[in-house]
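Here are my notes on the two-chain model you sent round. Have it open while you read, and shout if anything looks off.

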Amino acid sequence: MVHENERIDLSDLQMSDEELFAPYDHSVVESERITAPRYSYWKSVFRVFFRKRINIVILALLGLVLIFTYIYPFFSNYDVLENSLNSESKNLTPTEAIRMFGFDLKWILGTGKLGQSTFDAMWNGARISVSLAFVCAAINMTVGVIIGAIWGFSKKVDLIMTEVNNIVGNVPYVLVIAVLVLIFTGSFWTLVFAMTVTGWIGIAYFIRTQVIIIRDREYNLASRCLGTSIFRIALRNILPFMTSVIVTLLATELPSYISYEVFMSYIGIGITDMSLGRLIQDAVSSISVPGQGIQFWSPTAVAAIIAVVLYVVGQNLGDASDPKTHR
Amino acid sequence: MIKYLLKRLLHGLVSVVIVIAVVMMLVYALIPRYRIFAKDPLYNKTQANERAVYEQQAYESYGYVDYVPYAEWLAELAANGEIDEETRSKAVQFGRKPSKDSDIAKEYVEKFKDYYESQGYTVVRLNYDSKTKQRQVYYATKDIPLIVRLGRYFTNLIQVDNVHYVEDTTGEKLENTGIRFTLYDPLYNDNGESKKVFSPAIIGNGTEHKYLLYFDDEFPYIHQNLISLHLGLSYSVNKDIDIFNTLSDRQDPNREVTVTFPTGLTEESPRDLHSATYVQGSRDSLLLYSDRFTDDYTNVTMYKKNMSKTGFSFVIGLISVAMSYLLGVPLGILMARRKNTWVDSLGTVYVIFIIAVPSLAYIFLFRELGGMMGLPKSFDLQLDSKLMYVLPVVSLALPSIANLMKWIRRYMIDQQNSDYVKFARSGGLSENEIFRKHILKNAIIPIVHGIPGSILGSLVGAIITESIYRVPGAGYLLTTAINAYDNGVIVGLTLFYSLLSVLSLILGDILMSVIDPRISFTEKAR
């Protein structure tokens, strides 16, 4: 590279004119090569993600929570009725429980109404609630994103779907879930069905708005002029563009299902299994009893921790998956 | 503009009708109908034939079936002059079982069966039950299709009081039916006395309500009984009361005032004479009534001390909406202006906390924290303290403050890189001026769109907040109705909610176009 205002005297180079002005071999292949550093999208996402120290801490916390949620229940052999015949084991504070049963992880939060371990009950409930959130989010996000992409693209679909959205949006969500729970009983899969049967439409509407914003950009116009099918444009041109939006959306969706499950159980139309929501609902009465408040606050705190961790990981992953941050 | 808005309104109303159809399908077709008896104490006391009749009557009053008892059919025939009274009284005495019917009874039992079966009814005859000693019953019943029910619901939705009401419902002919207008409400003026209190009123005779339009000292000071809304009859939540009244009627305890009755009797009483409705023959039936009233308009409601359910929800909701806009908007602006400083991080932590933590959890947390500070933890109507409003209002405002902060910050930061901001900066405006006069004006527009929605939304009430603080508001009604299978209430509430949501979207658009002159809904400009 030679700077503009620096002058080089050719005679300093000690070369003959032939050497100085020899034609350079032209290669078609070489001329097409772009000399930029190699770029891999997902590698960059994780590079940016791990650049922040706090993300490693939160990810470790998420790992810990997931271990307790999914692996710990296998070892704890939780049984609600294990101490039900022992009337002295009921509603114990942590110190009393440890004095009675000896020190074990199981007893660090005391016991509940039936003498069951609050700690085990909590993680058992977390397993149900977190699974529910994951399954519902997976279904709603998949359906919502695909339909939202089509919705944003086709004007005909837009007309119909906007009406559908107006109608479904006005049918109380609580009612739909309650009716379905009533018909099929409140099992895990009923709740999944109830929360996904209309749940995808909000996500689809959000994606539709995003699609409309970028659908008429020049690169898509060019693609359409070259004869690319709309389906392919949606799949190849637009979905990758929206990865960060989708991940961010996922980050808000996951905790919202946990929150919703807690809410549904609280008003009495939720799942019949002892999920976090049911545990919280069952313990509402013990909140003001001295020494028993822990039965309410521990599942509540776990629900809050899980939700916050999932949200923060999702948000930061969403930030990292925005190519503008990959510098 | 007006044309466009009317079109939107019409569109919205069509959606509302479809929503009601969907909800009716959910509750009437999918939930088994016997569930309405789940919380009915009377139902379990009935048995055998009595129970069958009780069921049919309940189904009829809740719109499931058309139910015609044999005796009613005969009475109708007699009223039309098709049979004489003697035949009717003989025909109505059908036997304990079909073989014991008299000849004339047998003839009409047969006719009843032919007539109703040809119209698609199911005709049921239950014999005398010797075990419980219950009378034999005979009736026809037919399920009402969903579409008919939908039609009936909307035709009965708005009822206008008229002078033929008494004649149409009771058959009694009153003298001097009609409507009169007076400038001096008789309730405030001793009849014929010279002391005149000016208070216009419209009074009807022959109508359901005596006072069709009147003034009093309660907000909104002018009241009407001419048009009444029938959103849906309750079966168990508030038995036999329309959900509209459940929402809007004031609540216990009674409030006594000095009342001068039409007969001139004056006493301390909670009776609100303006609410008088007609009950046939009631004046002569009770000494209590004949001492006080001069006509059969004796059925009155009581003055109540407390606000209605919607009133409580609305007051709490409105204060919290005001609080959240007054706090959320400035805090959001502050976060945007101090981007990437500790102020911004602290705000973000708060926003994350509210978004991620289940609302139940943080409401309980704030309730405990408030309790430690000595604030009342639940609503107590016996106390006159205004302090009990503090925690519910704060709990309601917390999430909306977080939401407003999040969006104001986002919109303002997005606007910061726009060309007009760069231009303003190059023109030498101070950062303060740029933020206040340029960015804020643009960033606030999407926020303004939500204001009517949040105000109207407070009418609906908040389920969790109200149940945790025991506020006697409207929020819990839907879940209570769902848990009690009270279908009429579910449908009525859905109508109320969806009308509010249609209205708030339209009002939001209007407000947005008022704030921002670039937004226009006329066809030409678009």
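**Notes on the model**

1. Starting with chain B: the centres of domain 2 and domain 3 of chain B, taken over C-alpha atoms, are 45 Å apart. The assignment splits chain B into domain 1 (45-143), domain 2 (158-229 + 256-302) and domain 3 (311-488); such bounds come from an automatic or database domain assignment.

2. Housekeeping, before the details. This is a predicted model, where local features need pLDDT of at least 70 and side-chain atom pairs count only at pLDDT 80 or more, while totals for chains, interfaces and linings use all residues. Residues are numbered from 1 along each chain as its sequence is written, with chains lettered from A and ligands numbered from 1 in the order in which they are written.

3. Chain A has 15 helices and zero strands (DSSP runs numbered from the N terminus: H or I of at least four residues for helices, E of at least two for strands). Its C-alpha trace spans about 105 × 55 × 30 Å along the principal axes. The radius of gyration of chain A is 29 Å, against near 20 Å for a compact globule of 327 residues (taken over C-alpha atoms; the globule rule is 2.2 Å times the number of residues to the power 0.38).

4. How much of chain A counts as buried? The figure is 38% of its 327 residues (buried is 20 or more other C-beta atoms within 10 Å of a residue's own, exposed is 12 or fewer, partly exposed is in between, with C-beta atoms placed from the backbone). A:Leu105, in the loop between helix H5 (94-101) and helix H6 (118-153) of chain A, counts as partly exposed because it has 13 C-beta neighbours inside 10 Å. The C-alpha atoms of A:Leu105 and A:Val211 are 50 Å apart, with the two positions 106 residues apart along the chain.

5. On to the interface: 32 residues from chain A and 29 residues from chain B take part in the contact (C-beta atoms, placed from the backbone, within 7 Å). On the chain A side, helices H7 (155-170), H8 (173-184), H13 (243-266) and H15 (293-320) each supply at least two residues. By class, that side of chain A has 25 nonpolar, six polar and one charged residues (Ala, Val, Leu, Ile, Met, Phe, Trp, Tyr, Cys and Pro count as nonpolar, Asp, Glu, Lys and Arg as charged, and the others, Gly among them, as polar).

6. Chain B has an open, antiparallel sheet of three strands in the order E1-E3-E2 (strands pair if DSSP finds at least two bridges between them). E1 (65-69) and E2 (122-126) of chain B are the edges, each with a single partner strand, so one side of each lacks a neighbour in the sheet. The twist averages 25° from one strand to the next (axes are lines fitted to C-alpha atoms, for helices over the stretch in contact, and angles run from 0 to 180 degrees between N-to-C directions). Five bridges join E1(B) to E3 (137-143) of chain B, and B:Val68 has B:Ala140 as its bridge partner in E3(B). Helix H6 (103-118) of chain B lies across E1, E2 and E3, at about 150° to E2(B).

7. An open sheet of four strands in chain B runs E5-E6-E7-E8, again with antiparallel pairing. Five bridges join E5(B) to E6(B). E6(B) and E7(B) form a hairpin with five residues between them, and B:Gly206 in the turn has a positive phi of about 100°.

Definitions and conventions:
Contact = placed C-beta atoms within 7 Å.
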